[in-house]
Amino acid sequence: MYRLRGVLLPAGETVELFVGPDGLLADGPIAGAETLVDGGWIVPGLVDAHCHVGLGPDGGPADLETADEQARTDRDAGALLLRDCGSPLDTTPLQARADLPEIIRAARHLARPKRYVPGLALELDDPALLPEAVAEQAAAGDGWVKLVGDWIDRGAGDLAPLWSDEVLVAAIDAAHAAGARVTAHVFGAEAIPGLVRAGIDCIEHGTGLTDDLIAEMADRGTALVPTLINVETFPDIAARATRYPAYAEHMRRLHAGAADVVRRACEAGVPVYAGTDAGGVIAHGRIADEVVALHEAGHPDALGAASWAARRWLGRPGLEPGHPADLAVYPDDPRADPTVLRRPTLVVLRGRIHPGR
């Protein structure tokens with residue numbers, strides 16, 4: 001049984017929180033509770049809304065031991081809720097672990113042959129099979145399905161869509177009928193209109209968003225997870241794409257405009273959430289860096305995008321009585337200086353204490 005006293009965000013009021021022996025927040029004081037914190041800023045557990053648990057540093061599948069380490073790294077950084085946007089590894093055994101963050105799985109990416117990172121996606125020879133495949137992945141995941149919306153077409157020498165508008169409508173309808181939401185990897189602009197007009201729920205990366213597309217996403221409530229720390233790899237990708245100069249130049253332009261896309265999306269009212277794209281070249285445990293990047297890009301509530309707002313979007317509670325005590329404590333106000341998020345004083349997951357890092 002524990003007691004924590006500090007400034008609770010987002011309300012900004014000094015409160016006392018009590019954690020019962022069941023790991024849930026109590027609705028009142030608990031006699032004899034051990035004081036863990038007496039001062040500091042208390043934040044509902046952070047959310048990495050785009051990561052890949054089970055994707056190794058070489059870009060291929062990792063083993064379950066590596067996935068376990070990735071999840072623990074995120075936990076110690078204060079990220080206690082992870083939306084896994086596609087993994088070649090079945091990480092369901094990790095979901096039963098009380099010492100690991102909650103993982104919301106999107107199961108496997110769906111792509112076309114030779115139109116994504118080799119070995120990661122289920123590749124459909126016939127694009128007409130997409131609705132059936134979406135229904136299968138909806139059943140295999142936790143309420144999300146991940147499409148690859150665009151990727152380099154080596155014949156064209158640049159980014160290009162993978163799916164027709166007609167098959168996207170049928171596929172997204174199939175997911176919604178199964179009670180799942182759909183998101184898509186998209187870098188450029190060409191694939192986005194078909195995805196948004198088909199009723200997609202979220203766009204990942206979205207570096208090619210134009211003002212017209214942003215306005216349509218705002219009208220529809222379509223979310224954006226821009227993964228800005230992943231976008232920082234675009235110049236390196238361009239430098240390696242010597243055989244495809246149009247693609248390389250396109251990636252450089254997308255990189256240069258990424259922060260402005262976030263600013264314009266926020267100003268238009270698009271829901272924008274924090275995701276690192278951890279897995280592969282991006283290390284796990286970097287949610288603080290993504291919040292800093294969103295803040296610098298002009299997000300008006302970058303911390304909320306990685307905490308209370310993201311939790312609401314994913315249907316998970318904040319710090320409310322009767323719900324798990326999932327929180328992080330910081331020595332200073334992370335709203336004023338989001339770099340504070342890199343140094344959690346304490347992490348509490350389901351009422352269990354972790355020292356942070």
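This is a short tour of a sheet and some salt bridges in a predicted model.

**Stop one: a sheet.** Start by selecting residues 46–51, which make up strand S4. Next add strand S5, residues 79–84, and then strand S6, residues 102–105. Together they form an open sheet of three strands, ordered S4-S5-S6 and paired in parallel. S4 and S6 are the edge strands; each has a single partner strand, so one side of each has no neighbour in the sheet. From one strand to the next, the twist averages 15°. Now look between S4 and S5, where four bridges join the two strands. To see one residue pair, pick Val47: its bridge partner in S5 is Leu81.

**Stop two: a link between strands.** The whole structure holds 18 salt bridges. Select Arg5 and Asp38, whose closest N and O atoms are 3.3 Å apart in a salt bridge. This pair connects distant parts of the chain, with Arg5 in strand S1 (residues 2–8) and Asp38 in strand S3 (residues 34–44), 33 residues apart. Is Asp38 buried or exposed? Its relative accessibility is 54%, over the 50% cut-off, so Asp38 counts as exposed. Arg5, at 35%, is partly exposed.

**Stop three: two more pairs.** Move on to Arg335 and Asp333, whose side chains meet in a salt bridge at 2.8 Å, N to O. Here Arg335 is partly exposed at 40% relative accessible area, while Asp333 is buried at 18%. Then select Arg286, which is partly exposed at 29% and forms a salt bridge with Asp289, the closest N and O atoms being 2.8 Å apart.

**Last stop: a network.** Finish by selecting Asp211, Asp260, Arg263, Arg264 and Glu267, which salt bridges link into a network.

How values were computed. Residues are numbered from 1 along each chain as its sequence is written. This is a predicted model: local features need pLDDT of at least 70, side-chain atom pairs count only at pLDDT 80 or more; totals for chains, interfaces and linings use all residues. Side-chain values use heavy atoms; hydrogens and water are left out. Two strands pair if DSSP finds at least two bridges between them. Axes are lines fitted to C-alpha atoms, for helices over the stretch in contact, and angles run from 0 to 180 degrees between N-to-C directions. A salt bridge is a side-chain nitrogen of Lys or Arg within 4 Å of a carboxyl oxygen of Asp or Glu. Buried means under 20% relative accessible area, exposed over 50%, partly exposed in between (1.4 Å probe, protein chains only).
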